[in-house]
Amino acid sequence: MTSTNRVVLATLACVVAAACWALNAVVAAGAFERGISPEQLAEARVVVALIPLAAYLVITRRDLLVPRREAIPALLGFGACMMAVNLVYYVAIDRVPVGVAIALQYTAPVLILVGTAAVTQTLPARTVWVAGGLTLGGAALVSGAIGGVSASLDRLGLLAGVAAALTFAGYLLLAELAGRRGSHPVTTLFIGFCVAVAIWAAVLPLWDWPFALLSDPDVLWRVLAVGLLGTLLPFALAVAALRWISSALAAIATTTEPVLAAVLAWLLLGQALAPTQLIGGGLVVAGVLVAQLTREPSPRAAPVELTP
């Protein structure tokens, strides 16, 4: 497979991950309506995602259970960011309009570009900046954050939205760093989920979780779907993609989430798309396409096997 094909495949993996996250938002909303709090669902999603992944590794790839020593700090940070981004995003959508929360979270690509430039003291390619600007503006239009939003917004909700952007950028950067230090994508995901579950167990003990609600089949399938389709699959795709593209390009590709969420809301909930949302969707797609014009070195990682 050529390097160009790998970049395209990795970008498509991020787009599929964004689709999973968009569908996850629709499924999660139904769980909230049935009595599960945002914090409880955020905890459940990482627990549900960890169980099958751990079983797979114990049965087939025990060698991937133990991370490389030099990658441990990045993996610990990755897990902490994974836990935090879910929590603060749920807090944001609970206190400010969803569109504003999504727009704030998807300032992450620009944050990554600025952070990369500051740390490496090298400017990313001009096309990456153009792509970041297009996707940021498009996400704001699609989410409805531009136009029609009240100026009176909850401060804690806004802070949570900013925190969602920072932690979203953080887990992509740290996953890329772990890969550069030789961590296998599956190991990165496994340790990240373990750290997230450990933090949640301290913050919200599992014995306080409302297990009785799982007797409702509609709640049960939503919790399982959020954990498997909305967490395990998209995080696995995003982490794997970072072997071939940078965290900046991965973040740009995932800004398709608000576009896909708007489309799903139209298809599943009957919510019509406004003209500004259609324009925003076009900007996001244009930004992802512009990002493909970039030719930058792939993240350096130790060679890893993808099969047992």
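## A tour of a helical model

At 47% relative accessibility, Trp266 counts as partly exposed. This is a predicted model, and Trp266 is a friendly place to begin looking around. Find Trp266 in helix 11, which covers residues 256-269. On the surface, Trp266 joins Val263, Leu267 and Leu268 in a nonpolar patch, and together these residues have about 400 Å² of accessible area. In soluble globular proteins, nonpolar side chains tend to be buried together. With that tendency in mind, let us go from the surface to the inside.

### The nonpolar core

Which residues touch the most other members of the largest nonpolar core? They are Leu41, Tyr171, Phe193, Val223 and Ile245, and the core they belong to has 73 residues. Helix 3, running from residue 72 to residue 95, gives the most to this core, with 11 residues.

Val223 shows what such contacts look like. Setting aside residues up to four places away in sequence, Val223 touches Ile36, Leu41, Ala44, Val48, Trp209 and Leu214. Among these partners, Leu41, Ala44 and Val48 are buried residues of helix 2. The list of buried residues in helix 2 also includes Gln40, Glu43 and Arg45, so be careful not to look for nonpolar names alone when you search for buried positions in helix 2.

Helix 2 also lets you check a helix length. Helix 2 has 23 residues, and the distance from its first C-alpha to its last is 34 Å, close to the 33 Å expected at 1.5 Å a residue. Helix 7 (residues 155-180) passes a similar check: its 26 residues should span 38 Å at 1.5 Å a residue, and its end C-alpha atoms are 38 Å apart, which agrees. After helix 7 comes Gly182, with a positive phi near 95 degrees.

### Charged pairs

Side chains of opposite charge can pair when their charged atoms come close. How many salt bridges does the structure hold? The count is 6, and the table lists some of them.

| Salt bridge | N to O distance |
|---|---|
| Asp218 and Arg34 | 2.4 Å |
| Asp63 and Arg61 | 2.9 Å |
| Arg222 and Asp218 | 3.5 Å |

Take the pair of Asp218 and Arg34, whose side chains meet in a salt bridge. Asp218 lies in helix 9 (residues 217-241), while Arg34 sits in the loop between helix 1 (3-33) and helix 2 (38-60), so this pair ties together parts that are 184 residues apart in sequence. Both partners are partly exposed: Asp218 has a relative accessible area of 22%, and Arg34 has 32% relative accessibility.

The pair of Arg222 and Asp218 tells another story. These two residues are 4 residues apart in helix 9, and about one helical turn separates them. Is Arg222 buried or exposed? At 13% relative accessibility, Arg222 counts as buried, because the cut-off for that word is under 20%. Arg222 is in contact with Val26, Val27, Gly30, Ala31 and Arg34, leaving out residues up to four places away in sequence. Put the pieces together and you find a network of salt bridges that links Glu33, Arg34, Asp218 and Arg222.

### Two buried polar side chains

Now look for Asn24, which is found in helix 1. Asn24 is buried, with a relative accessible area of 8%. Which residues does Asn24 contact beyond its neighbours within four places in sequence? They are Arg45, Tyr90, Val226 and Gly230. Of these, Arg45 is one of the buried residues of helix 2.

Thr187 is the next stop, in helix 8 (residues 185-203). At 3% relative accessibility, Thr187 counts as buried. Leaving aside neighbours within four places in sequence, Thr187 touches Leu64, Val66 and Pro67. Now compare sequence with space: Thr187 and Arg61 are 126 residues apart in sequence, yet their C-alpha atoms are 9.9 Å apart. Arg61 is buried too, at 7% relative accessibility, and you have already met Arg61 as the salt-bridge partner of Asp63.

### Looking back

If you trace one route again, try helix 9. There you will find Asp218, which pairs with Arg34 and also with Arg222. Then turn to Val223, one of the residues that touch the most other members of the largest nonpolar core.

Terms used: Residues are numbered from 1 along each chain as its sequence is written. This is a predicted model: local features need pLDDT of at least 70, side-chain atom pairs count only at pLDDT 80 or more; totals for chains, interfaces and linings use all residues. Side-chain values use heavy atoms; hydrogens and water are left out. A salt bridge is a side-chain nitrogen of Lys or Arg within 4 Å of a carboxyl oxygen of Asp or Glu. Buried means under 20% relative accessible area, exposed over 50%, partly exposed in between (1.4 Å probe, protein chains only). A nonpolar core is a set of buried Ala, Val, Leu, Ile, Met, Phe, Trp, Tyr and Cys residues joined through side-chain atoms within 4.5 Å. Contact means heavy atoms within 4.5 Å. Patches are made of residues with over 30% relative accessible area and no salt bridge: like charges are joined within 9 Å, nonpolar side chains (Val, Leu, Ile, Met, Phe, Trp, Tyr) within 5 Å. Accessible areas come from the Shrake-Rupley method with a 1.4 Å probe; for residues, only the protein chains shown count as cover. The expected span of a helix is 1.5 Å times one less than its number of residues.
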